[in-house]
Amino acid sequence: MADSDIRINPSILAADFVNMQAELARIATADFAHVDVMDNHFVPNLTFGPQMVERIQATSPVPLDVHLMITDPDRWAPGYAELGAASVTFHLEAATEPVALARRLRQIGARAGVAVKPATAVEGLYEVLDEFDQILVMTVEPGFGGQSFMADQMPKLARLREEANRRGSQVWLQVDGGISASTIAQAAEAGADTFVAGSAVFGAEDPEQAIAALRSEAASHHTH
C-alpha cells in the first residue's frame, strides 16, 4: 500500500482556536483539515457555523473535510458545499433523504460523505455505496474530542471494506475518534484509508512529523 493512498485529516477541534491561521499552517502536509460542525442539538456540544468555516476555508493550506454533526443536514449541508468545502459529510441518523442529499452535494462540487455513529448498522448503505464518496465510521461517540478509540467498531469497518471491494466501489472509508500512533494500525487493518486525528497531530511538538508517522504506520498495515 503506497503512502499516497492513505489520507491523514487532522481535526481542528484539537487546535488552538485563537491562533487558527497559524495552526492550519502547521498541518500543511496533511491531506485535508477535518472541521467538526456541531449544533448542540444532534450532539451535546457547539462548535462553529458557516461563517467560521468560510474563514477557515479562506486560510487553510489544505482542502476542508467538513463533518456535520447537526440536525436537518438536508437543509444545511449544501451551504457548506457552496462555501467551497472539498468534502461534506452528514450523519445518516440525521438525514431524511441521504441519497438525494449526497447527489446534491456532488452536484455543487463537493465530495459527499455519510457518517454513522457506533450504534448504527452499515448494512443499509451497501446497496447505495456508489452514491457516496466517503463513509465515516465513528470510533467514538460523536460530540467531543479526546475520547478513547472504540476497537469494537472494527468488524463493522471490515464488513464495509469487504462489501466495497466486492462491488468494485471506490468509496473512501474514514475513521474518526481516538486515532493515534497506537490505534491507527487496527483501523488500517480493518480497511480504513482516511484517518481523522486530533490531539495526535496538534498535540505533537512537530505536527508534520506526526502526520508522516501516522501515514507510514497506516500504509504498512492497510488492508484494501
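User: What makes strand E7 (residues 172–176) and E8 count as paired strands, and how do they run?
Analyst: In this predicted model, 3 bridges join E7 to E8. Pairing requires at least two bridges, so E7 and E8 qualify as a pair. The two strands run parallel. One of the matched positions is valine 175, whose bridge partner in E8 is phenylalanine 195.

User: Which helix lies with E7 and E8 in a β-α-β unit, and what is the hand of that unit?
Analyst: The helix is H6 (residues 184–189), and the unit formed by E7, H6 and E8 is right-handed. That term applies because, with the strands pointing away from the viewer, the path from the first strand over the helix to the second runs clockwise.

User: What joins E1 to E8?
Analyst: There are 4 bridges between E1 and E8, which run parallel. The requirement is at least two, and therefore this is also a strand pair. Asparagine 9 has valine 196 as its bridge partner in E8.

User: Why are both faces of E8 called covered?
Analyst: Thr194 and Val196 on one side are buried, as are Phe195 and Ala197 on the other. Buried means under 20% relative accessible area, so each of these four named residues falls below that limit. In a regular strand the side chains alternate between the two faces of the sheet.

User: Which residues of the largest nonpolar core touch the most other members?
Analyst: They are Ile12, Val35, Val66, Val88 and Phe195, out of 62 residues in that core. Phenylalanine 195 is in contact with Ile6, Arg7, Ile8, Asn9, Val175, Ile179, Ile184, Ala187, Ala188 and Ala218, leaving aside its neighbours within four places in sequence. Another core, of 5 residues, lies apart from the largest one and includes Met38, Phe42, Val43 and Ala94. In soluble globular proteins, nonpolar side chains tend to be buried together.

User: Why is serine 11 called buried?
Analyst: Its relative accessible area is 6%, which is under 20%, so serine 11 meets the condition for a buried residue. Serine 11 sits in the loop between strand E1 (7–10) and helix H1 (20–25).

User: Which residues is serine 11 in contact with, leaving aside its neighbours within four places in sequence?
Analyst: The contacts are His34, Asp36, Val196, Ala197, Gly198 and Phe202. Serine 11 and alanine 200 are 189 residues apart in sequence, yet their C-alpha atoms are 9.5 Å apart in space.

User: What makes strand E3 (residues 64–69) mostly covered?
Analyst: Of the 6 residues in E3, 6 are buried. Leu64, Val66 and Leu68 occupy one side, while Asp65, His67 and Met69 occupy the other.

User: How many bridges join strand E2 (residues 33–38) to E3, and how many join E3 to strand E4 (residues 87–91)?
Analyst: E2 and E3 share 6 bridges and run parallel; histidine 34 has aspartate 65 as its bridge partner in E3. E3 and E4 share 4 bridges and also run parallel, with leucine 68 opposite phenylalanine 90 in E4. Both counts satisfy the minimum of two bridges, so both are strand pairs. A right-handed β-α-β unit is made by E2, helix H2 (residues 50–59) and E3. E3, helix H3 (residues 73–82) and E4 make a right-handed β-α-β unit as well.

User: Why is asparagine 40 called partly exposed?
Analyst: Partly exposed lies between 20% and 50%, and the value for asparagine 40 is 47%, so the label holds. Asparagine 40 is in the loop between E2 and H2 and has a positive phi of about 65° although it is not a glycine.

User: Why does aspartate 72 count as partly exposed?
Analyst: Its relative accessibility is 34%, which falls between the limits of 20% and 50%; therefore aspartate 72 is neither buried nor exposed. Aspartate 72 lies in the loop between E3 and H3, with a positive phi near 55° in a residue other than glycine.

User: Why does threonine 139 count as buried?
Analyst: At 0% relative accessibility, threonine 139 is under the 20% limit, so the term applies. Threonine 139 is placed in the loop between strand E6 (134–138) and helix H5 (154–167). Among the residues it touches, not counting those up to four places away in sequence, are Ser148, Phe149, Asp176 and Gly177.

User: Which lining residues lie nearest the centre of the largest pocket?
Analyst: Gly145, Gly146, Asp176, Gly177 and Gly178 do, out of 24 lining residues. The pocket holds about 300 Å³ of space. E2, strand E8 (194–197) and helix H7 (199–202) each supply at least two residues of its lining.

Key
Residues numbered from 1 in each chain as written. Predicted model: local features only at pLDDT ≥ 70, side-chain atom pairs only at ≥ 80, totals over all residues. Heavy atoms only, no water. Buried < 20%, exposed > 50% of the residue type's maximum accessible area, 1.4 Å probe, protein only. Contact = heavy atoms within 4.5 Å. Core = buried A, V, L, I, M, F, W, Y, C linked by side-chain atoms within 4.5 Å. 1 Å grid on protein atoms, 1.4 Å probe; cavity = no way out; pocket = protein on both sides within 12 Å on 5 of 7 lines; lining within 4 Å. Points joined across faces, edges and corners; volume = space filled by probe spheres on them.
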